[in-house]
Amino acid sequence: MDVVARLASQSAVVIFSKSTCCMSHAIKCLFYEQGVSPAIIEIDQYMYGKNIEWALARLGCSPQVPVVFIGGKLVGTATTVMTLHLDGSLKRLLKEAGALWL
């Protein structure tokens, strides 16, 4: 869990992803379209990827990817992120974290 917390705090937006996951791709595209450059942790290409996957599961993330952290805080999986985007809350969170200036 320490590794996840450390990685999640290294950028305004951090996405834990798998390179072969279509939902991970969709969430990354959503952030790019918002003008945000998230830090992407491809856990299937990361040396300790299985440990990260287990830590995300212990945080209650199901499925384990994609998982988004904004401002070092767990936002959630794709369903939560899409809900925030649709209700307009995602932009506010991004602005508060300093990931979006407009």
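**Exercise 1. The two sides of helix α3**

Task: In this predicted model, which residues of α3 are exposed, which are buried, and what do the buried ones pack against?

Solution:
- Step 1. Start with the outward side: K50, W54 and R58 of α3 are exposed.
- Step 2. Now turn to the other side of α3, a helix that spans residues 49-58. Its buried residues are G49, I52, E53, A55 and L56.
- Step 3. Look down the axis of α3: the buried residues fall within an arc of 165°, so they line one face of the helix.
- Step 4. Find their partners. The buried residues of α3 pack against α1 (2-8), β1, β2 (39-42) and β3.
- Step 5. Finish just past the helix, where G60 has a positive phi of about 95°.

**Exercise 2. Laying out the sheet**

Task: What is the order of the strands in the sheet, and which strands stand at the edges?

Solution:
- Step 1. Write down the order: β2-β1-β3-β4, an open sheet of four strands with mixed pairing.
- Step 2. Pick out the edges. β2 and β4 each have a single partner strand, so one side of each is left without a neighbour in the sheet.
- Step 3. Add the twist, which averages 20° from one strand to the next.
- Step 4. Place a helix on the sheet: α2 packs there, touching β1, β2 and β3. The direction of α2 makes about 165° with that of β1.

**Exercise 3. Following strand β3**

Task: How many bridges join β3 to β1, and how many join β3 to β4?

Solution:
- Step 1. Begin with β1 (residues 13-17), which runs antiparallel to β3 and is joined to it by four bridges. Here I15 stands opposite V68 of β3.
- Step 2. Move to β4 (residues 73-77), which also pairs with β3 in the antiparallel sense, over four bridges. On this side V68 stands opposite G76, and F69 faces L74.
- Step 3. Check the turn. Two residues lie between the strands of the β3 and β4 hairpin, and G71 takes a positive phi near 60°.
- Step 4. Look at both faces of β3 (residues 67-70): V67 and F69 on one side are buried, as are V68 and I70 on the other.

**Exercise 4. A lysine in helix α2**

Task: Is K28 buried or exposed, and which residues does K28 contact beyond its sequence neighbours?

Solution:
- Step 1. Locate K28 in helix α2, residues 22-33.
- Step 2. Compare its relative accessibility with the cut-off: buried means under 20%. K28 has 12%, so it counts as buried.
- Step 3. List the contacts. Setting aside neighbours within four places in sequence, K28 touches I15, S17, I40 and E42.

**Exercise 5. Two crossing helices**

Task: At roughly what angle do the axes of α4 and α5 cross, and which residues make the contact?

Solution:
- Step 1. Take α4 (residues 78-87) and α5 (residues 89-96): their axes come within 5 Å and cross at roughly 100°.
- Step 2. Name the arrangement: α4 is roughly perpendicular to α5.
- Step 3. Collect the residues in contact. V81, L84, H85 and D87 come from α4, while S89, L90 and L93 come from α5.
- Step 4. Sort them by class: the contact has four nonpolar, two polar and one charged residues.

How values were computed: Residues are numbered from 1 along each chain as its sequence is written. This is a predicted model: local features need pLDDT of at least 70, side-chain atom pairs count only at pLDDT 80 or more; totals for chains, interfaces and linings use all residues. Side-chain values use heavy atoms; hydrogens and water are left out. Buried means under 20% relative accessible area, exposed over 50%, partly exposed in between (1.4 Å probe, protein chains only). Two strands pair if DSSP finds at least two bridges between them. Contact means heavy atoms within 4.5 Å. The arc is that of the directions from the helix axis to the C-beta atoms. Axes are lines fitted to C-alpha atoms, for helices over the stretch in contact, and angles run from 0 to 180 degrees between N-to-C directions. Angles under 35 degrees count as roughly parallel, over 145 as roughly antiparallel, 65 to 115 as roughly perpendicular and the rest as oblique. Ala, Val, Leu, Ile, Met, Phe, Trp, Tyr, Cys and Pro count as nonpolar, Asp, Glu, Lys and Arg as charged, and the others, Gly among them, as polar.
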